[in-house]
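Got your viewer open? Let's take a walk through this protein, one selection at a time.

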Amino acid sequence: MNKLFISTILLLSILFTSFSTGNNRPKYQIRTIVIDAGHGGHDTGCLGSSSQEKHIALSVSLKLGALIEKLFPEVNVIYTRKTDVFIELHERAAIANRNKADLFICIHCNSGPSAAFGAETYVMGLHKTTDNLSVAKRENSSILLEKDYKSKYDGFDPNSPEANIIFSLYQNTFMNQSLNFASLVQKQFEQNAGRFNRGVKQAGFLVLFKTAMPSVLIELGFLTNRTDEKFLTSEKGQDVMANSMLKAFKEYKSDTAKKAGGQYNDDNQDVADSEEEKRLLLRMKRKMILPLKNS
Ligand SMILES: [Zn+2]
């Protein structure tokens, strides 16, 4: 496990270094999007008093997809699932990669203390708070429901300190685009759907980690909060949330088209390259050596 872990770290470091230096990409247009309804089948996701995350995620995903197909017939909309089936996390990301998606949208519902409510959108990155980390751990733990997950993920345990280290090395070429879309989604949730805006956040989500395009994970609201649950289980609530994401997509698409007028410039790894991030990364890299020697 340890040798494997070290080689994984090395491989990831090399991969990310080479990814982040490749600046001469062709003009960027949105042609394909992948909508990923979280969980499914024997993975129910989180539970409300009378609802299951997997059903709400699917319903809102299908609504969003239908709206995009209607408004933007030129965009190819691909779903990771259209029914109540279990899809492994790595396969969700693989679907997006195989189809060379330009945007990957994962749709989930949150769980927490009954007083917690509102919507938040995540991009892949180093968590800044334990709350963010716990959301990522909960969503990542879907892999524990997969058969032979240890061999598939090279011994990866989403709840281990090693997982955090791997995620901490993550520097995404698409960070700025992901953040841009995430902010537009949150703005629409607040302005169009009247939801409490919990903001754009970062944490280590396995499903986002494996994708090679701008990607976000949306937590529509808390099924553990009575008001959020009532809203998210209602047809009207689901329609409003899907419509808000459509508006965000519309804005994002138009931003992207404007940028595509010139060479797309990826000089903006503002989050991953911030001084604070670099310090954290260094600290994590140093820490990484210690547990490996002894265990
Ligand atoms: Zn979820």
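In which sense do β4 and β5 pair, and over how many bridges? Select the two strands and have a look: they pair in the parallel sense, over five bridges. Before you go on, keep in mind that you are looking at a predicted model.

**Stop 1: the whole chain.** Switch to a cartoon view of everything. You should find 11 helices and six strands. The protein has 295 residues, and 43% of them count as buried. Now think about which parts of the chain meet: among contacts between residues at least 6 apart in sequence, 81% join residues at least 24 apart.

**Stop 2: the sheet.** Next, select the six strands. Together they form an open sheet, and its order reads β2-β1-β3-β6-β4-β5, with mixed pairing. Look for the edges: β2 (76-79) and β5 (197-203) each pair on one side only. Rotate the view a little, too. On average, neighbouring strands of this sheet are turned by 20 degrees against each other, direction ignored.

**Stop 3: strand β4.** Zoom in on residues 119-124, which make up β4. You have already met its pairing with β5; for one bridge there, select Met124, whose partner in β5 is Ala203. Now turn to β6, residues 215-222. Here the two strands run antiparallel, joined by three bridges. Pick out Glu120 and you will see Glu219 of β6 standing opposite.

Show the side chains next. In a regular strand, they alternate between the two faces of the sheet. So is β4 buried or exposed on its two faces? Colour Ala119, Thr121 and Val123 for one side, then Glu120, Tyr122 and Met124 for the other: they are all buried, and both faces are covered. Six of the six residues of β4 are buried, so the strand is largely enclosed by the rest of the structure.

**Stop 4: Gln238.** For the last stop, leave the sheet and select helix α10, residues 235-260, then click on Gln238 within that helix. Why does Gln238 count as buried? Because it has 20 C-beta neighbours inside 10 Å, and a residue needs 20 or more to qualify.

Which residues does Gln238 touch, leaving aside those up to four places away in sequence? Select Ser59, Val60, Lys63 and Leu232. Finish by drawing a distance line between the C-alpha atoms of Gln238 and Val60: the two residues are 178 residues apart along the chain, yet these atoms are separated by 5.6 Å.

Terms used:
Residues are numbered from 1 along each chain as its sequence is written. This is a predicted model: local features need pLDDT of at least 70, side-chain atom pairs count only at pLDDT 80 or more; totals for chains, interfaces and linings use all residues. Two strands pair if DSSP finds at least two bridges between them. Helices (H or I, at least four residues) and strands (E, at least two) are DSSP runs, numbered from the N terminus. Axes are lines fitted to C-alpha atoms, for helices over the stretch in contact, and angles run from 0 to 180 degrees between N-to-C directions. A residue is buried if 20 or more other C-beta atoms lie within 10 Å of its own, exposed if 12 or fewer, and partly exposed in between; C-beta atoms are placed from the backbone. Two residues are in contact if their C-beta atoms, placed from the backbone, lie within 7 Å.
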